[in-house]
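Got the viewer open? Here's a walk through a few spots worth selecting, one stop at a time.

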Amino acid sequence: MSRLVLILRHPQLKDLYQFWLGLCHDERLPMAADLDPAHLRPWIDNLVVLDVSVDGDDFIYAYYGRSFSNAFGADTVGKPISNLPTEQAATLKAEYDRVVKDHLPQARVYTADFDGDMQTWERLVLPLFDRNGDVEKLLVCAFRLMS
Amino acid sequence: MAVEKFQQRRPLEVKDPMTAGEFNLWCAIHDKPYRMARHQWPDGATEWDVEFNPGKPDGTIAYGTGQEDETLATLAAFAFMAGIEWAEDARRTADDDDEVPDVVATPPASVPAPPEPSLYARALALAMQAGTVTPRQIQDALGIPQERALRLTERMEDEGIAGAPDVNGVRVILVSTARLPGNS
């Protein structure tokens, strides 16, 4: 695994990244099975878990944090990202494909119009591995940047 | 959209009661096709249910917790999952363990009766409740020969459920069961 370090702005994303790095000690790959939801409580409402589809060509929502479901009124669990609007699906798929291919976390800051309100968010995508060393799930966390 | 209006959880709140989100995250992490959701009855009353295959065409409600309180409902949901895991394990054990009598009869498709737990499933339950396991403990509890009890504990280690034995032959259970009712 690369030792590149992500530069993050939101303090809770920094904490989550450090938590994930902690799972990498002794050159281990962070595995989904290693995670205990109790340890993820500080971020639980702002998390998304996606399963990498069997053919590796899509990503299916397995968990959608309460902050997002309340805010967007969306129920995405069980549905693939390919069901999203084309442009959004393409952006997310490119990002997730990169994480699966490189075995490395990704982060980005983006600004978008949410019902007339321009907001800036920061999101972090973390890979979780199976016993074969393949990425089987993605742990995504996002927070709004208020500055 | 205003996510900031939601109170964010901080490390200081780690002792909070369990939430449906925690159950749902546990299911997502462990590939369990279940999710807690709050449903409203026509009379306005609400109840937390456990959905099976949420968001999929064959999605359905697998279990009604009968609880309006989220914490109590989450406990009930974890208890439901404990039963599901027990039944799944009993089926696996009956399939691959030729020393266990065929106690898991295939029920008719219309009768989803849970199978009777196998020796291994019963040994697992005992070990998880105790937090540690020894062949003697299993031998006494299940009334089986020592050699058989030893193989059951070795299988737990092989499957990553129990650690290697210490100098006294005691194996520590490695799988977290703190979330399950009765094991807190």
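Is His103(A) buried, exposed or partly exposed? His103(A) has 14 other C-beta atoms within 10 Å, so it comes out as partly exposed. Keep in mind throughout that this is a predicted model.

**Stop 1: His103(A)**

Stay on His103(A) and look at the backbone. Its phi is near 60°, a positive value in a residue that isn't glycine. Most residues other than glycine have a negative phi. As for where you are, His103(A) sits in the loop between helix 3 (86-102) and strand 3 (106-114) of chain A.

Now select the whole of chain A. You should find three helices and five strands, and reading along the sequence gives the pattern α-β-β-α-α-β-β-β. The chain has 147 residues, and 31% of them are buried. Of the contacts in chain A with a separation of 6 or more, 44% are between residues 24 or more positions apart.

**Stop 2: chain B as a whole**

Switch to chain B, where the count is five helices and five strands. Colour by secondary structure and follow the sequence: the pattern is α-β-β-β-α-α-β-α-α-β. Buried residues make up 27% of the 184 residues here. If you take the contacts in chain B between residues at least 6 apart in sequence, 39% of them join residues at least 24 apart.

**Stop 3: Asn53(B)**

Here's another backbone to check. Asn53(B) isn't a glycine, yet its phi is positive, about 50°. You'll find Asn53(B) in the loop between strand 2 (46-52) and strand 3 (60-67) of chain B. Asn53(B) counts as partly exposed because it has 15 C-beta neighbours inside 10 Å.

**Stop 4: Met81(B)**

Next, pick Met81(B), in helix 2 (residues 70-96) of chain B. How many C-beta neighbours does Met81(B) have inside 10 Å? The number is 20, so Met81(B) counts as buried; the cut-off for buried is 20 or more. Show its contacts, leave out residues up to four places away in sequence, and you'll see Met81(B) touching Lys32(B) and Tyr34(B). For a distance to draw, try Val50(B): Met81(B) and Val50(B) are 31 residues apart in sequence, with 9.6 Å between their C-alpha atoms.

**Stop 5: helix 3 of chain B**

Select residues 119-130, the 12 residues of helix 3 of chain B. At 1.5 Å a residue this helix should span 16 Å, and its end C-alpha atoms are 17 Å apart, which agrees. Which residues of helix 3 of chain B are buried? They are Leu119(B), Tyr120(B), Ala121(B), Ala123(B), Leu124(B), Ala127(B) and Met128(B). While you look at how they are spaced, recall that an α-helix has 3.6 residues a turn, so residues three or four places apart point the same way. Step on from the helix and you reach Gly131(B), with a positive phi near 85°.

**Stop 6: helices 4 and 5 of chain B**

Last one: show helix 4 (residues 135-142) and helix 5 (residues 146-158) of chain B together. They pack at an angle of about 120°, with their axes 8 Å apart, and are therefore oblique to each other. The crossing of helix 4 of chain B with helix 5 of chain B is right-handed. For the contact itself, put Pro135(B), Ile138(B) and Gln139(B) of helix 4 in sticks, along with Gln146(B), Ala149(B), Leu150(B), Leu152(B) and Thr153(B) of helix 5, which they meet. Sorted by type, the residues of this contact are five nonpolar, three polar and no charged.

Technical notes:
Residues numbered from 1 in each chain as written. Chains lettered and ligands numbered in written order. Predicted model: local features only at pLDDT ≥ 70, side-chain atom pairs only at ≥ 80, totals over all residues. Helix = DSSP H or I, 4+ residues; strand = E, 2+ residues; numbered from the N terminus. Buried ≥ 20, exposed ≤ 12 C-beta atoms within 10 Å, placed from the backbone. Contact = placed C-beta atoms within 7 Å. Expected span 1.5 Å × (residues − 1). Axes fitted to C-alpha atoms, helices over the stretch in contact; angles between N-to-C directions. Parallel < 35°, antiparallel > 145°, perpendicular 65-115°, else oblique. Left-handed = near helix turned anticlockwise from the far one by under 90°. Nonpolar A, V, L, I, M, F, W, Y, C, P; charged D, E, K, R; others polar.
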